[in-house]
Amino acid sequence: MPFITRLPALLLFVLSTCGLCLAQTEFRQAAVGDGSTEERDLVLGAAQTADAAQRVTLLDGFVSQNPDSAYRPYALYNILISGKDAGRHEKTLEAGLQLLEWAPNDLEVRHRINEAYVGLERWDELAPSIDLSKPVAKVQATQDGFPGEYASGVLDWLAWASNVAYLGEADPAKKIAWLERIRIEYPESEYAQDMYPRYIQSYQQAGDRASSLAWMQKSIEAGADDESYRYTLAEEDLGRQDFDAALEHAERALEILETKQSPAGMSAEQWEQYKTKMTAYANFVTGRAWVGRDSKDAYRTGRTYLLETVDVLKAEGGERYNLLAYYLGICYAQLDVKGDSVQQALQWMTEAANSPGPVQEQARQALAKLQAAI
């Protein structure tokens with residue numbers, strides 16, 4: 001959690017009234033002579049109420065009942081610094097926005113407003129508010145003493161809040177916008193480190209496959225290699241009939257799986273299950289890439305890789321198994337259409353013809369030709 005969120009509210013209040021120039025200080029004090037004694041006593045009593053929720057209620061009542069009072073700014077400021085503890089983020093926000101009329105560059109006011117936006121999960125409003133707050137914080141961060149320390153804490157908090165917004169935002173496009181903000185505005189923060197998985201996932205959720213693949217490639221180039229990225233890129237290369245690139249990615253996926261340790265949060269059993277599945281997937285794309293090279297040796301090598309996947313893909317079923325059966329049928333048919341392999345070709349092509357998937361109809365046609373050739 002950022003430094004600024006750890007500063008006690010009382011400390012902020014005391015320092016802000018001690019001439020340390022957080023910004024304009026008129027509303028931080030109920031100066032004698034500003035208004036009637038009765039109003040002053042009333043607002044001071046409300047501000048000193050021990051319970052935060054009751055304090056906000058009393059101060060809010062004072063503001064409503066005394067809209068022209070000279071102590072209105074003071075009451076609003078005390079709502080501002082009490083609203084978070086009272087769980088009244090909406091009152092913090094209302095008070096803060098009104099105080100900006102007197103002090104548009106007051107960093108504490110802007111910070112409290114931003115806290116309220118986070119508490120209310122109003123991410124669309126938080127973004128422009130951050131844009132207005134950061135320049136003020138950057139200028140003040142150059143000052144000595146408490147003002148500079150406070151502003152530096154606010155800058156850290158803004159990075160933290162941007163990450164909270166990313167996590168809380170449901171819209172994929174808006175999540176990506178928050179990632180862009182973190183990457184560009186806060187590149188040195190902890191939240192800007194290892195962003196590749198978050199970009200990839202967000203683009204996948206947004207249905208932007210091209211950008212997701214591009215970030216997988218960026219991740220690999222940055223040294224953050226991953227077997228799932230390699231497999232996905234291999235499938236993409238295979239779809240473009242770039243067999244060399246597909247083999248490179250698939251073989252690298254197999255290498256990673258051989259040496260990778262169980263990730264944090266995953267049990268040994270879960271890791272073995274995942275590793276078995278991903279190894280089968282990598283072998284699956286490797287075998288198909290070899291078959292695409294269309295030679296006797298390529299069919300033989302491809303068949304070897306494809307056979308390694310049978311148990312996993314048959315148990316899984318679906319499109320992958322339909323493709324596996326079809327490609328195995330092709331391999332056996334190409335290697336020996338008149339010898340022992342023909343029975344294997346018939347068996348696998350029959351499986352493909354009877355399995356729903358992208359090549360089911362092609363398998364039926366190929367099966368008919370095999371049967372006619374016998």
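This passage walks through a few aromatic, polar and helical features of the structure. The model is a predicted one, with residues numbered from 1 along the chain as its sequence is written.

Aromatic pairing comes up a fair bit here, with a count of 9 aromatic pairs. Take Tyr 196 and Trp 215: the ring centres are 5.8 Å apart and the planes meet at 50 degrees, so this pair is tilted rather than stacked (under 30 degrees) or edge-to-face (over 60). The two partners come from distant parts of the chain, 19 residues apart, with Tyr 196 in helix α10 (residues 196-205) and Trp 215 in helix α11 (residues 209-221). Tyr 196 is partly exposed, at a relative accessible area of 22%, while Trp 215 counts as buried at 10%. The pair also belongs to a bigger arrangement, since ring pairs join Tyr 196, Tyr 199, Tyr 203 and Trp 215 into a cluster.

Trp 215 has a charged neighbour as well: Lys 218 lies over the face of its ring, 4.1 Å from the centre. A comparable arrangement turns up at Trp 290, where the charged end of Arg 293 sits over the ring at 4.6 Å from its centre.

Next comes a polar residue in the interior. Asn 322 sits in helix α17 (residues 319-335) and is buried, with a relative accessible area of 0%. A polar atom of the Asn 322 side chain lies 3.0 Å from the backbone nitrogen of Val 359. Leaving aside residues up to four places away in sequence, Asn 322 touches Ala 352, Ser 355, Pro 356, Gly 357, Pro 358, Val 359 and Gln 360.

Gln 360, one of those contacts, is also among the buried residues of helix α19, along with Ala 363, Ala 366, Leu 367 and Leu 370. These residues span an arc of only 115 degrees around the axis, which places them on the same side of α19. The buried residues of α19 pack against α17 and α18 (341-354). On the face turned away from that buried side are the exposed residues Lys 369 and Ala 372. As for its length, α19 (residues 360-373) has 14 residues and reaches 20 Å from first C-alpha to last, close to the 20 Å expected at 1.5 Å a residue.

Helix α2 (residues 37-47) can be read in a similar way. Its buried residues are Val 43, Leu 44, Ala 46 and Ala 47, and they cover an arc of only 160 degrees around the axis, which puts them on the same side of the helix. The partners here are α3 (52-65) and α4 (72-86), against which the buried residues of α2 pack. Thr 37 and Glu 38 are exposed, on the face of α2 turned away from the buried side.

Finally, two aspartates have a backbone quirk. Asp 194 shows a positive phi of about 50 degrees although it is not a glycine. Asp 194 belongs to the loop between α9 (172-185) and α10, and is exposed with a relative accessible area of 55%. Asp 294, also not a glycine, has a positive phi of about 55 degrees. The loop between α14 (268-291) and α15 (296-307) is where Asp 294 is found, and this residue is exposed too, at 54% relative accessible area.

Key: Predicted model: local features only at pLDDT ≥ 70, side-chain atom pairs only at ≥ 80, totals over all residues. Heavy atoms only, no water. Phe/Tyr/Trp six-rings, centres within 6.5 Å; stacked < 30°, edge-to-face > 60°. Helix = DSSP H or I, 4+ residues; strand = E, 2+ residues; numbered from the N terminus. Buried < 20%, exposed > 50% of the residue type's maximum accessible area, 1.4 Å probe, protein only. Lys NZ or Arg CZ within 6 Å of the ring centre and 35° of its normal. Polar contact = N/O pair within 3.5 Å; in protein donor to acceptor, adjacent residues only side chain to side chain. Contact = heavy atoms within 4.5 Å. Expected span 1.5 Å × (residues − 1). Arc of directions from axis to C-beta.
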